[in-house]
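Work through these exercises with the sequence and the 3D view side by side. Try each task before you read its solution.

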Amino acid sequence: MSKNVDPLKKDYNVRLIQKTFGIDKDETLSVGDSFMDLSMKRASRYFIAFNPSNVEMLKYSDFSVKSNNLFEIIKTIKWNIH
């Protein structure tokens, strides 16, 4: 896996991890804070915008978390994804 990630191709790295560990797209959730992270959504069932840098990101995200606490992501998953 490359150390340098093309910001517009983060989905490639997600797919590489999925292939390596036998993880299906439907079992994958990605988290990001900028438009550069949205490519991961192509390889994930869900995308969570964590403290999004731009309000427009909310249009493309399944869920949004605005907090200084990363554990809020876990709460979002627990409350919204069954």
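**Exercise 1. Place a residue.** In which strand is A49 found? Then decide whether A49 is buried or exposed, and list what A49 touches.

*Solution.* Keep in mind that this is a predicted model.

Step 1. A49 sits in strand β2.

Step 2. Apply the cut-off: buried means under 20% relative accessible area. A49 has 0% relative accessibility, so A49 counts as buried.

Step 3. Leave out residues up to four places away in sequence; A49 then touches G32, M57, L58, S61, F63, S64 and V65.

Step 4. Check a distance. A49 and L29 are 20 residues apart along the chain, and their C-alpha atoms are separated by 11 Å.

**Exercise 2. Build the sheet.** In what order do the three strands lie? Which are the edge strands?

*Solution.*

Step 1. The order is β1-β2-β3, in an open sheet with parallel pairing.

Step 2. The edge strands are β1 (29-32) and β3 (63-65), each pairing on one side only. From one strand to the next, the twist averages 25°.

Step 3. Count the bridges. β1 and β2 run parallel and are joined by four bridges. Strand β2 (residues 46-50) is joined to β3 by three, again in parallel.

Step 4. Set the register. L29 has Y46 in β2 as its bridge partner. I48 stands opposite F63 in β3.

Step 5. Add the helix. Helix α2 (residues 71-80) lies across β1, β2 and β3, and runs at about 150° to β3.

**Exercise 3. Read the two faces of β1.** Which side chains of β1 point to one face and are buried?

*Solution.*

Step 1. The side chains alternate along β1.

Step 2. S30 and G32 point to one face and are buried. L29 and V31 point to the other and are not buried.

**Exercise 4. Trace the salt bridges.** How many salt bridges are there? Examine the pairs D37 with K10, D11 with R42, and K75 with E72.

*Solution.*

Step 1. Recall the principle: side chains of opposite charge can pair when their charged atoms come close. The cut-off is a nitrogen to oxygen distance within 4 Å. The count comes to six salt bridges.

Step 2. D37 and K10 meet at 2.5 Å, N to O. D37 lies in the loop between β1 and β2 and K10 in helix α1, so this pair ties together parts 27 residues apart in sequence. D37 is buried at 7% relative accessibility; K10, at 22%, is partly exposed.

Step 3. D11 and R42 meet at 3.1 Å, N to O. Here D11 is in helix α1 and R42 in the loop between β1 and β2, so the pair ties together parts 31 residues apart in sequence. D11 is buried at 8%, while R42 is partly exposed at 47%.

Step 4. K75 and E72 meet at 3.2 Å, N to O. They are three residues apart in helix α2, so about one helical turn separates them. K75 is partly exposed at 38%. E72 is partly exposed at 24%.

Step 5. Look for shared partners: salt bridges join D11, R15 and R42 into one network.

**Exercise 5. Find a nonpolar patch.** Which residues make the nonpolar surface patch of about 280 Å²?

*Solution.*

Step 1. The patch is made by I17, F21 and I23.

Step 2. F21 is found in helix α1 (residues 10-21).

Step 3. Exposed means over 50% relative accessible area. F21 has 61%, so F21 counts as exposed.

Terms used
Residues are numbered from 1 along each chain as its sequence is written. This is a predicted model: local features need pLDDT of at least 70, side-chain atom pairs count only at pLDDT 80 or more; totals for chains, interfaces and linings use all residues. Side-chain values use heavy atoms; hydrogens and water are left out. Two strands pair if DSSP finds at least two bridges between them. Axes are lines fitted to C-alpha atoms, for helices over the stretch in contact, and angles run from 0 to 180 degrees between N-to-C directions. Contact means heavy atoms within 4.5 Å. Buried means under 20% relative accessible area, exposed over 50%, partly exposed in between (1.4 Å probe, protein chains only). Patches are made of residues with over 30% relative accessible area and no salt bridge: like charges are joined within 9 Å, nonpolar side chains (Val, Leu, Ile, Met, Phe, Trp, Tyr) within 5 Å. Accessible areas come from the Shrake-Rupley method with a 1.4 Å probe; for residues, only the protein chains shown count as cover. A salt bridge is a side-chain nitrogen of Lys or Arg within 4 Å of a carboxyl oxygen of Asp or Glu.
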